[in-house]
Structure formats: structure tokens, C-alpha cells
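Keep the model open beside this text. We will go through it contact by contact, then helix by helix.

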Amino acid sequence: MSFDESHGAPLQDRSMRTPLGRVRALGASHSGTTDFWRQRVTAVALVLLIVPVIVVVMMLQGRNQAGAAQILGSPGVAIVMLLFIIASAWHMKIGMQVVIEDYIHSEKLKLASIMANNFFSFAVALASIYAILKLSSGV
């Protein structure tokens, strides 16, 4: 154990973490770095998917519903769009959850906000996935 000569205390004891936090290796959000890495993974997925999505959106410009259904009827296009929707909704959920955890201090309001965020993200993803599947199936 090394000592800080100016204060006479072990360097490890000067940590801002509680002893339980050091044992669990969790941060203030109580989830460790899981959300951090998930948001980075979804960001990389979105970067990789943005070019094909822009190409599809440009192909859809000026088309009617039948033309859009024809383009989205291609399995490759539908899969790219579905992956983009899932990655976007997940990225949005995690990002808003981090903001809520950081800036809302009332525990009850924080819990309600996180629940609303989860429901909203799920609803947006579900509605978008339904629309893509409906257009791609030609119904």
C-alpha cells in the first residue's frame, strides 16, 4: 500500500467510492459501465447503417405507397431498416436514461421518468417495426 506523503493517508482510501461501491465496481447509476458500452455499440451500429438508410430514403422520395412497398419489399432493404430502427430506439433509450439519472434528483420522479422513457422507446420502435413489416409485406 502506498502512502500520500503530504496527507499521510493511503491512496486507496482517498477514493470517492463507498466500500460497497468498490466491491460491486458500480458507479452512481448502479449499473457500472454496461450502459456506456451499449450506447457505444449502438452508436457504431448507427454509423454503419446510416449510409444504406440514406440511400433507401433517397430511393423512396417521390414514390407513392406502392412504390415504397416495392422498395421495402426487398428483404435486404427491410432488414437494414429494421436494424436501424432497433439500434436507434435502443440508443435513444440509453441516452435519455443517462440524462434522467444525471439530472433528476427526486427518486420517485426519476423512477417515473425512466419508466416513461422505456415505454416511449418501446412504442416508437414497435410502431416503426410494424410500419416497415406492413410495407414490406405489401398488405
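**From one glutamine to the helix packing**

Start with Gln39: leaving aside residues up to four places away in sequence, Gln39 touches His91, Ile94 and Gly95. This is a predicted model, so treat each contact as a feature of the prediction. Gln39 sits in helix 2, which covers residues 34–60. Is Gln39 buried or exposed? The relative accessibility of Gln39 is 16%. Buried means under 20%. Gln39 therefore counts as buried.

Now turn to the nonpolar core. The largest one has 14 residues. Which of them touch the most other members? They are Val56, Leu72, Val77, Met81, Phe84 and Ile132. Helix 2, helix 3 and helix 4 each supply at least two residues of this core. Helix 4 gives the largest share, with seven residues. Look at Val56 in particular. Its contacts are Leu72, Val77 and Met81, again not counting residues up to four places away in sequence.

Next comes helix packing. Two packed helices are described by the angle between their axes and the distance between the axes. Take helix 4 (residues 75–103) and helix 5 (residues 107–137): their axes come within 10 Å and cross at roughly 170°. An angle over 145 degrees counts as roughly antiparallel. Helix 4 is therefore roughly antiparallel to helix 5. Sorted by class, the contact between helix 4 and helix 5 has 16 nonpolar, seven polar and three charged residues.

Helix 3 meets helix 5 at another angle. The two pack at about 95°, and their axes are 7 Å apart. Angles of 65 to 115 degrees count as roughly perpendicular. Helix 3 is therefore roughly perpendicular to helix 5. Where do they meet? Gln65, Ala69 and Leu72 in helix 3 meet Ile132, Leu135 and Ser136 in helix 5. By class, this contact has four nonpolar, two polar and no charged residues.

Finish with helix 5 itself. How does its length check out? Helix 5 has 31 residues, so at 1.5 Å a residue the expected span is 45 Å. The end C-alpha atoms of helix 5 are 44 Å apart, which agrees. Which residues of helix 5 are buried? They are Lys110, Ser113, Ile114, Asn117, Ser121, Ala125 and Ile132. An α-helix has 3.6 residues a turn, so residues three or four places apart point the same way. What covers the buried residues of helix 5? The cover includes helix 3 (65–72) and helix 4. One of those buried residues, Ile132, is also listed among the core members that touch the most others.

How values were computed:
Residues are numbered from 1 along each chain as its sequence is written. This is a predicted model: local features need pLDDT of at least 70, side-chain atom pairs count only at pLDDT 80 or more; totals for chains, interfaces and linings use all residues. Side-chain values use heavy atoms; hydrogens and water are left out. Axes are lines fitted to C-alpha atoms, for helices over the stretch in contact, and angles run from 0 to 180 degrees between N-to-C directions. Helices (H or I, at least four residues) and strands (E, at least two) are DSSP runs, numbered from the N terminus. Angles under 35 degrees count as roughly parallel, over 145 as roughly antiparallel, 65 to 115 as roughly perpendicular and the rest as oblique. Ala, Val, Leu, Ile, Met, Phe, Trp, Tyr, Cys and Pro count as nonpolar, Asp, Glu, Lys and Arg as charged, and the others, Gly among them, as polar. The expected span of a helix is 1.5 Å times one less than its number of residues. Buried means under 20% relative accessible area, exposed over 50%, partly exposed in between (1.4 Å probe, protein chains only). Contact means heavy atoms within 4.5 Å. A nonpolar core is a set of buried Ala, Val, Leu, Ile, Met, Phe, Trp, Tyr and Cys residues joined through side-chain atoms within 4.5 Å.
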